[in-house]
Amino acid sequence: MIKQQLHIALVEDEINIAENYRDALQRIGYRVSLFHNRQDALAAFALALPDMAIIDVGLQDEYEGGFDLCRTLRQLSETLPIIFLTARNSELDEISALRLGADDYLTKDVSIHQVLARVAALFRRIQALKKPQSADEQVLTRGSLRVNIERIETYWQDQPVMLTLTEFWIVHTLAKHPGQVKNRDQLMDAAHVVLDNNTITTHIKRIRKKFSYIDAEFNAIKTAYGMGYRWVIE
Amino acid sequence: MLLLPWAGCQSVSILESSLRQSHSQLLDVQMTAATQQLQHTLNQSPHSIFNTNQGNYYAPLTDSKMLLDGFDGEESDWENITTPWFQLNSYDYTPTLSAKAKPATTVKFKLAANDKLLYIFIQTSALTPHYYNPMQPLRAADQLNIRSINNTGLVSHWQINPQGSGRVEIHNTSQAMTISRDAGTWLWRDGHYNIEIAIPIDFASNAIGFDLILNDSQINQHFKSKPTTTYERTLVREKLDLNHQLANYLQPGLSLYLLNSQYWLVGQQNADQMNDSDNDQADPSWFTNAIYNKLFTSNSLPYWREPTSLGRWISPQQLEQTTWYQDSPINKQLHSKVINVNDQQFYFVAVQDSRQSLLSASEALNQLLILLFTIIAVIVTGLFAFASSLSWRIVQMKKNYRAAIDSDGKIMAVPAASKLPDELGDLSRVMQQLTINQGKYTDYLATLADKLSHELKTPVAVIRTSLENLELSNLDPDAAKYLTRAMQGTNRLSQTLNALSEANKLEQSFEYAQWQVVPFDDMLEELTEAYRQIYSSHQFQLEYNNNDDHTINLAPELIVQLLDKLISNAVDYAPVDQPIRFKLIKINTHLQLSVENQGPHFSSNNIPQLFDSMVSSRQQSDTPHLGLGLHIVKLISDFHRGNISAKNLSGEKGVIFELLLPIDK
């Protein structure tokens, strides 16, 4: 590897899965440390923070050990990218995770390729943020919306909208061709995820909510019943 | 509770017997006093010499002057007099040869007396009259001779020689100078003699005898009281002065009788004569009497019978003891005393109705009965109210539980348990516990799929990540083939697990569901257009009435999900050449959407279970199918408080789903 090896901490109590992911991540050049419980991970993080943490929610005896760990990590570092990788697919868990400041929430039934893609995307975003802003950045502007693809940032009325990666790609796909209906499959492809219909609906709902925190009148995402969603510029 | 009236009855019973006893004693005391007075009176009385010879005659007291008209039938003076018939016997000493040829003549008579006259009524059997003809005085004629003795011992002879049917004279032949006087009537009527006469009682107060000479079947046939020449017999009379005497002792309900040694009634006072008006007063309490008799009249008591007949006591064995009788509606007691006057026995008998004694005391019984019935009524009312409340509670409980469990057996809400500490309360608590347990079990079953999928996900993830790592390492083509198969299997398993938890996830998402008022017809237009694009091989039709307002409040995303499931189900079965039809109708406060396709019928026996989880009537297919689709439809429909039903169309094939949604929330 030419560039300096990025260090990923994988906190996962299921050893087989942990090692499988480690192998896959190592194969493409990341340095991976495995931890099987919260205490071990915390002890190691106290010495040195990794470049990214991938955490399971349930850690051995601790049903929500991953959430606790995430909370602690956020205190240690505001910018450390955190991905939850868990067997739990309840909406509540996902919302909790994102609220705690996790950057993404993946269920274990996504393929390893997707996990790798998400990890890569997240690193790219971090690096983009570290880079000074330049004029040639790819910026998509649609009315009040501004999407920075390099830095994976979204602004509405010049205020940042804190979207997860999945949400970012959904907004990007919709806003790229305003007025055009994007069905669920297209949105899933764009977000590099395989999710059931219900999850797309949930994402859309959450995106709307995040925008409406900034602008209560937000109504740019329209539902085309049975077909999908479209971005409308008012 | 029923012991109360029983105890009451027992106490009244005891009260009654003690009352009886005391009453007998009281009567005894009263009678003893009366007896002494009577004895005194009888001793001093001019009638105190009584002949005790056997076979005496009896004359009851008649209170009126009688009309001597020769009639004794209905509406005559004799009608109200109870007096026996006495026979006069034929004492001829020469046997009659013709006696058999002709029926023997019989003669009978009866007597009555007041303080002036002795009334005599003689009746013969059919005969031919032979009247006295003054022109032929020696010719045999019918004749009546009477011999009487008064209490001074004076013997009188009386004779009647009838000269025809009609009024007759009587001759006192005993005196020096024969005195004739009007005696009464001698009638020959309907073939027999009716002789009704009267003689002064002062001449016959002690004894009387008859000698009737008839000439019908035999010349000078004598019908006599006795065969001897002194043929008189003792006359026993009911005497007015004795009656008056007895009246002194009379009380309400008390009948007094004075009998001679032959048990003839020489004096009497009947309670009924005095107390006719009392019967009317007793009427209002007949009910109490009836109850009283039902409860307290002992069946062991002999029945009361009228003690006298035709002036004579019927059963002498009753006397000299105190006996209780049952009579309707009251009991009677009979008490008697023996009076000895000049070595002759008299029986002084008292018969007392217990009506006046016991029943007047039974005012207490009345009170008791009223009290008892009041208590019983209160208790019965109380019990009835208690039973009603129990039944009401049971009905309430039934209603609660019926309301708590919906038609699918799902527990909507656990009814509150009773806090009362009785058996029904226990039952209610047990039922509640049972319901809670059943609810938990149902919940467990509902979440089982979710838990199962969650538990299976980790091992599946292990397998898949391993396979994916394997894929990344260089394998020879043979191994890659198997790897691909393993990956396919794992993916399918993964999908199955997602489907398993989908229903649960859906129910979670209800919490975040967004309600929106939307025009349902426009929404359906968009949807059918979308389905046409997605399922291009099938045709879709939408029907609704443009004039109707189809605005409805619903969670659009959930309804879309519901329709997705219905359509994905429909396209699996429906033939491509026939359209899948949507029909939207407004029914009052509801909108009904029906989705119809020409697919094969549901097997009729599992239609109600179509919407249950894990029920599928499909053949095995490539894609995993858990029968969750229609279950999700049902969940969303329930969430909208709607109703989803499925049925077969008439004809050989075709099925229809009907979704009924309320417009307002």
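Let me start with helix H11 of chain B, residues 556-573, which in this predicted model lies across strands S23 (580-587), S24 (590-597) and S26 of chain B, running at about 25° to S24(B).

The sheet beneath this discussion deserves a description of its own. Five strands of chain B form an open sheet in the order S21-S23-S24-S26-S25, and the pairing in it is mixed. Its edge strands are S21 (540-544) and S25 (643-648) of chain B, each of which pairs on one side only. As for the twist, neighbouring strands of this sheet are turned by 15° against each other on average, with direction ignored. If you look at the S25 edge, you will find that S25(B) pairs with S26(B), residues 655-662, in the antiparallel sense, over six bridges. To find your way along that pairing, take B:Lys647, which stands opposite B:Ile656 in S26(B).

Let me now return to H11(B) and turn to its helical partner, H12 of chain B, which spans residues 629-639. Two packed helices are described by the angle between their axes and the distance between the axes. Here the axes of H11(B) and H12(B) come within 9 Å and cross at roughly 150°. Since angles over 145 degrees count as roughly antiparallel, that makes H11(B) roughly antiparallel to H12(B). The crossing of H11(B) and H12(B) is, in addition, left-handed.

Which residues in H11(B) meet residues in H12(B)? On the H11(B) side they include B:Leu558, B:Ile559, B:Leu562 and B:Leu566, and on the H12(B) side they include B:Leu630, B:Ile632, B:Val633, B:Ile636 and B:Phe639. Taken over both helices, the residues of this contact divide into nine nonpolar, five polar and one charged; B:Lys565 of H11(B) is among the residues of the contact.

Stepping back to the whole of chain B, we have 12 helices and 26 strands, and buried residues make up 32% of its 665 residues. Among the contacts in chain B with a separation of 6 or more, residues 24 or more positions apart account for 63%.

Finally, the interface between the chains: 28 residues of chain A are in contact with 27 residues of chain B. On the side of chain A that touches chain B, helices H1 (15-27), H4 (91-99) and H8 (197-214), together with strand S10 (221-224), each supply at least two residues, and the largest share, seven residues, comes from H1(A). In composition, this side of chain A divides into nine nonpolar, 10 polar and nine charged residues.

Methods
Residues are numbered from 1 along each chain as its sequence is written. Chains are lettered from A and ligands numbered from 1 in the order in which they are written. This is a predicted model: local features need pLDDT of at least 70, side-chain atom pairs count only at pLDDT 80 or more; totals for chains, interfaces and linings use all residues. Two residues are in contact if their C-beta atoms, placed from the backbone, lie within 7 Å. Helices (H or I, at least four residues) and strands (E, at least two) are DSSP runs, numbered from the N terminus. Ala, Val, Leu, Ile, Met, Phe, Trp, Tyr, Cys and Pro count as nonpolar, Asp, Glu, Lys and Arg as charged, and the others, Gly among them, as polar. Two strands pair if DSSP finds at least two bridges between them. Axes are lines fitted to C-alpha atoms, for helices over the stretch in contact, and angles run from 0 to 180 degrees between N-to-C directions. Angles under 35 degrees count as roughly parallel, over 145 as roughly antiparallel, 65 to 115 as roughly perpendicular and the rest as oblique. A crossing is left-handed if the near helix is turned anticlockwise from the far one by less than a right angle, and right-handed if clockwise. A residue is buried if 20 or more other C-beta atoms lie within 10 Å of its own, exposed if 12 or fewer, and partly exposed in between; C-beta atoms are placed from the backbone.
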